[in-house]
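Trainee: I'd like to learn how to read this model from the large scale down. Can you walk me through it?

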2 protein chains.
Amino acid sequence: MSTAPSFESASYQPPTWEAISQAHARIAPRIHRTPILTSASLDKLAGAGLFFKCENLQKTGSFKIRGAANAILSLSNEQAARGIVTQSSGNHGAAVACAAAWRGVPAYIVMPKNAPAVKIQAIEAYGGKITFCEPKVSSRKETCDRVQAETSAHLVHPYDDDRIIAGQATAAKEFLEEMPDLDAVFAPVSGGGLLSGTCLGAKGLRKEIRIIGCEPARADDAYRSLTSGTLQSLESSDTIADGLRASLSPRTFALLRRHVDRILLVTEEEIIAAARLVWERMKIIVEPSSSVALAPLLKPSVVKSLNLPRRSDGHPPKLGVILSGGNVDLNALPWLP
Amino acid sequence: MSTAPSFESASYQPPTWEAISQAHARIAPRIHRTPILTSASLDKLAGAGLFFKCENLQKTGSFKIRGAANAILSLSNEQAARGIVTQSSGNHGAAVACAAAWRGVPAYIVMPKNAPAVKIQAIEAYGGKITFCEPKVSSRKETCDRVQAETSAHLVHPYDDDRIIAGQATAAKEFLEEMPDLDAVFAPVSGGGLLSGTCLGAKGLRKEIRIIGCEPARADDAYRSLTSGTLQSLESSDTIADGLRASLSPRTFALLRRHVDRILLVTEEEIIAAARLVWERMKIIVEPSSSVALAPLLKPSVVKSLNLPRRSDGHPPKLGVILSGGNVDLNALPWLP
């Protein structure tokens, strides 16, 4: 029996560029190459050139299909045969259900009972079998362990998995392939799978790029972990950003410590206002978890505080924003009574 | 004084391919090259491969900026100096206000008093000066004539203008440049500017392509005109597709008679259901006028009734849909009480 890798030490080797390129080749025929959109009016508000990588327009409505497809499509027939099990606040569950359907195997999804109805319906539409749990990290894990023991299904964790991180990295890889001179990339952080992948995918193509994680103040474990230097837990959270209620793992914590420049916190009001702005100005639907990555840029002091190096072309900074998903209940918009 | 061109006769020469290419070169640096998106779940519903040209993601939130920018940027300084005047249900008004602001000249917009608040606000945000009129074709024209007489501004009609038609043609030109083997293009029809441009832009690159106009049954003048062979008027209309309340002009009627294969009518319920489906499945915001072009494709019998030639590659038909705009009031969604 091998020793479990220590993420605390320098010995953890995150996914290599080769693993990310292989992931990209594996999933590209199945997923969308999402567009990068711009908005002159949002540029004006931010005082910067903003470029939005629209993973809300991705298959299953979020970036999660990248990691899930990479993990599930790389399994042997034997590994996949008893199905896939995971825990998810919704988007990863839909992605696992979708990719498992591509493989023709069952998907067992454990999700908190306060997950939005629209995310539950999406998982059911892909044929996923749902088990509900309490909206706490501990309950998620216990329930997932139990379902796994009952089914012998293969576990595809939403973020504590190098195959997932390599898959999520392909979004930033596409971003930098098309926009090689971005000065920084902003992405939301929850368990840290997307943000870890964003570090690897972006820095693999532009070493000096800044990576900024954005997090709801009501679910601030990544902020506390990275500022204190010790992994902090998050027992429960009620942020409207329903995709950002998980907490870092030792693996993602180790990776983010090495690569992330800053974590910025935003309030619930800022999240809702930023979401509405994207709907209004860009005519695309983002869920609150997405707009968390735009919200800090609407505070004029923030971009300045990052002290980005002056661009040699004299332009304002070029900032990439990953819009992570677009799964919202169209009968209950955050800004409607 | 020269004789007015007769659109009834074969003597009317619509914009040439050269005029369309010049329009494209003129406006391309100012506008978005909008993405073409797909949706596996909508393909399944339609029984066809659907490709959506997303003019809802265009500057000002609709294709209208293409024609307005072409007309206004091609004026001499002298012609532009006293400003631009137009009548519009909203999107053309915002486009004229935006392009006039690029030229640094005033924009006088006549719009029906039942136009959505969000469209009024957009025009005001671009600095346009609004005069309201009754929601009738006759009142629109009279009010516009009066404002033009008072200001001596240059008239840029929303569709009865070859510069506008050449500009709108650039959407279909981009579409066919990227998707050269489309079997048909579906576009909404109101005054006929977009549909006329779609005919010219698409057939200029693929002579045999079918062009299908889609129209609310509550504003069916194009359907009645093309089936009867005589230009029919539309005195008033209360369709939810607020961008489709105008009627053909002799110019657009002449052009559509030559090039359009069919006009399909859709009910209000079908328009709303199709809009909601685009929001839910594609995560993009379309206004009801846009979803008019998708709605017929959700009726399984419709694609069959078009008798499209069998594709040599054995694939189901590849159908292009122009999503014309995304300007909706986010406080009053069509499907909410």
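Mentor: Sure, and let's begin with domains, whose bounds come from an automatic or database domain assignment. For chain A that gives domain 1 (17-62 + 163-323) and domain 2 (65-155). Bear in mind that this is a predicted model: local features need pLDDT of at least 70, side-chain atom pairs count only at pLDDT 80 or more, and totals for chains, interfaces and linings use all residues. Residues are numbered from 1 along each chain as its sequence is written, with chains lettered from A and ligands numbered from 1 in the order in which they are written.

Trainee: How many residues does each domain of chain A put into the contact?

Mentor: Two residues are in contact if their C-beta atoms, placed from the backbone, lie within 7 Å. Here, domain 1 of chain A gives 26 residues and domain 2 of chain A gives 20 residues. On the domain 1 side, α1 (17-27) and α8 (162-178) of chain A each supply at least two residues, and α8(A) gives the most, with 7 residues. Helices are DSSP runs (H or I, at least four residues), as are strands (E, at least two), numbered from the N terminus.

Trainee: And how is chain B related to chain A?

Mentor: Superpose the copies by least squares on the C-alpha atoms of residues with pLDDT of at least 70 in both. Chain B goes onto chain A with an RMSD of 0.0 Å, by a turn of 180° and a shift of 0.0 Å along the axis. The two copies are thus related as by a two-fold rotation axis. In chain B, the C-alpha nearest that axis belongs to B:Ile284, 2.1 Å away.

Trainee: Which surface do the copies use to meet?

Mentor: The same one, because 100% of the interface residues of chain B are also interface residues in chain A. The contact pairs 15 residues of chain B with 15 residues of chain A. Helix α12 (residues 268-282) of chain B provides the largest share of its side, 3 residues.

Trainee: Now a single helix: is α5(A) largely enclosed or exposed?

Mentor: Count neighbours: a residue is buried if 20 or more other C-beta atoms, placed from the backbone, lie within 10 Å of its own, exposed if 12 or fewer, and partly exposed in between. In α5(A), 10 of the 13 residues are buried, so this helix is largely enclosed by the rest of the structure. Among them are A:His92, A:Val96 and A:Cys98. The buried residues of α5(A) pack against α3 (64-73), β3 (84-87), β4 (107-112) and α6 (117-125) of chain A. Just after α5(A), A:Gly104 takes a positive phi of about 75°.
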